[in-house]
Amino acid sequence: MESIRLRARSKINLSIDIKGILDDGYHDVEMVMQSIDLSDYIIIRKTKSSFKLVCSNSEVPTDKRNIIYKTWKLMKDTYNIGGGIEVFLEKNIPMAAGMAGGSADSAAVFVGINELFKLGVSQEDLMDLSKELGSDIAFCFGGGTALAYGRGTDLKVLDTLKEDFSLLVCKPRDFVSTKRVYKMYDAMYLDREPERRPDNRSIEKGLANNDIDMVIGSMSNVLEGVTRSFCHDVRNIEKIMMSKGADLSMMTGSGPAVFGIFKDKNKAKKCASILREGYVQTYVTSISNKGVEICGNK
């Protein structure tokens, strides 16, 4: 095998809660993560030496700053891989959006290198190794629906909703730093509670019973109030989605991307047309029970 093509799915958060601070200084989180079909596509080819990354989006750095390079370097050093790779990235997932685009790409490269060089490493071991690079990567391997807790790397697999509905995702132009949002959260809620916390136990129950209304009624993101305070498009997008028939609209991750759940698919499409007048990065998609997927090899 000389090359491999992979699909890297993004995610949304059905919930985010922060329980406190862990002994190592990281936030103690509890959040329900959900894979969606909005995806990047990656082709990895073996070369004799070195590393090269080509991307469809000129705004994506293709040097050592990119997590794809960091993933390759970690795999190469850990498993003593000879030779090099050339990577082509078709970038569809919005950047710095709270949708784990970089993490999804990293998970796909872990899988691709393991297959391409016939390393025979288990997915569990790859997931453990990925924790050196980021918290969301482990989830992106298998995707689906999961409760992430602790630093966000401990996962409990949950049922995925089987009900047929559309997701509308909209990303404002703003760049949001996750580190900044968490720091602001600590300051903002030092002496008071967030407006609303999610009920993750009810979300789990709703998922197990395929009860979308129970899930929707229990969803919330404690980081939303923080990002809304400096990115006013979040509230504006939510208002548009709700006014056009969304059953729920909320921010994913640390933002600023917003998603809406639409039981009526036609309403989702009509709302997307309206949002695209002001927000180019608007997508109609759906949830998925999959993560990284191998699409082909040569």
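This is a short chat about a predicted model and some of its side-chain contacts and strands.

Biologist: How many aromatic pairs are there?

Modeller: The count comes to four aromatic pairs. One of them is formed by phenylalanine 51 and tyrosine 69, with the ring centres 5.2 Å apart and 75° between the planes, and that arrangement is edge-to-face.

Biologist: And which parts of the chain does that pair tie together?

Modeller: Phenylalanine 51 belongs to strand β3 (residues 51-55) and tyrosine 69 to helix α1 (residues 67-79), so the pair ties together parts that are 18 residues apart in sequence.

Biologist: Are phenylalanine 51 and tyrosine 69 buried or exposed?

Modeller: Both phenylalanine 51 and tyrosine 69 are buried.

Biologist: Switching to charges, which ring does the charged end of arginine 151 sit over?

Modeller: The charged end of arginine 151 sits over the ring of tyrosine 26, at 3.7 Å from its centre, and arginine 180 lies over the face of phenylalanine 230, where the distance to the ring centre is 3.9 Å.

Biologist: Now strand β9, which way do its side chains point?

Modeller: In strand β9 (residues 248-251), Leu248 and Met250 point one way while Ser249 and Met251 point the other way, and all are buried. In a regular strand, side chains alternate between the two faces of the sheet.

Biologist: How many bridges join β9 to β10?

Modeller: Four bridges join β9 to strand β10 (residues 258-262), and the two run antiparallel; leucine 248, for example, has isoleucine 261 in β10 as its bridge partner. The hairpin of β9 and β10 has six residues between the strands, and in this hairpin glycine 253 takes a positive phi near 55°.

Conventions
Residues are numbered from 1 along each chain as its sequence is written. This is a predicted model: local features need pLDDT of at least 70, side-chain atom pairs count only at pLDDT 80 or more; totals for chains, interfaces and linings use all residues. Side-chain values use heavy atoms; hydrogens and water are left out. Rings of Phe, Tyr and Trp (its six-membered ring) pair if their centres lie within 6.5 Å; planes under 30 degrees apart count as stacked, over 60 as edge-to-face and the rest as tilted. Buried means under 20% relative accessible area, exposed over 50%, partly exposed in between (1.4 Å probe, protein chains only). A charge sits over a ring if NZ of Lys or CZ of Arg is within 6 Å of the ring centre and within 35 degrees of the ring normal. Two strands pair if DSSP finds at least two bridges between them.
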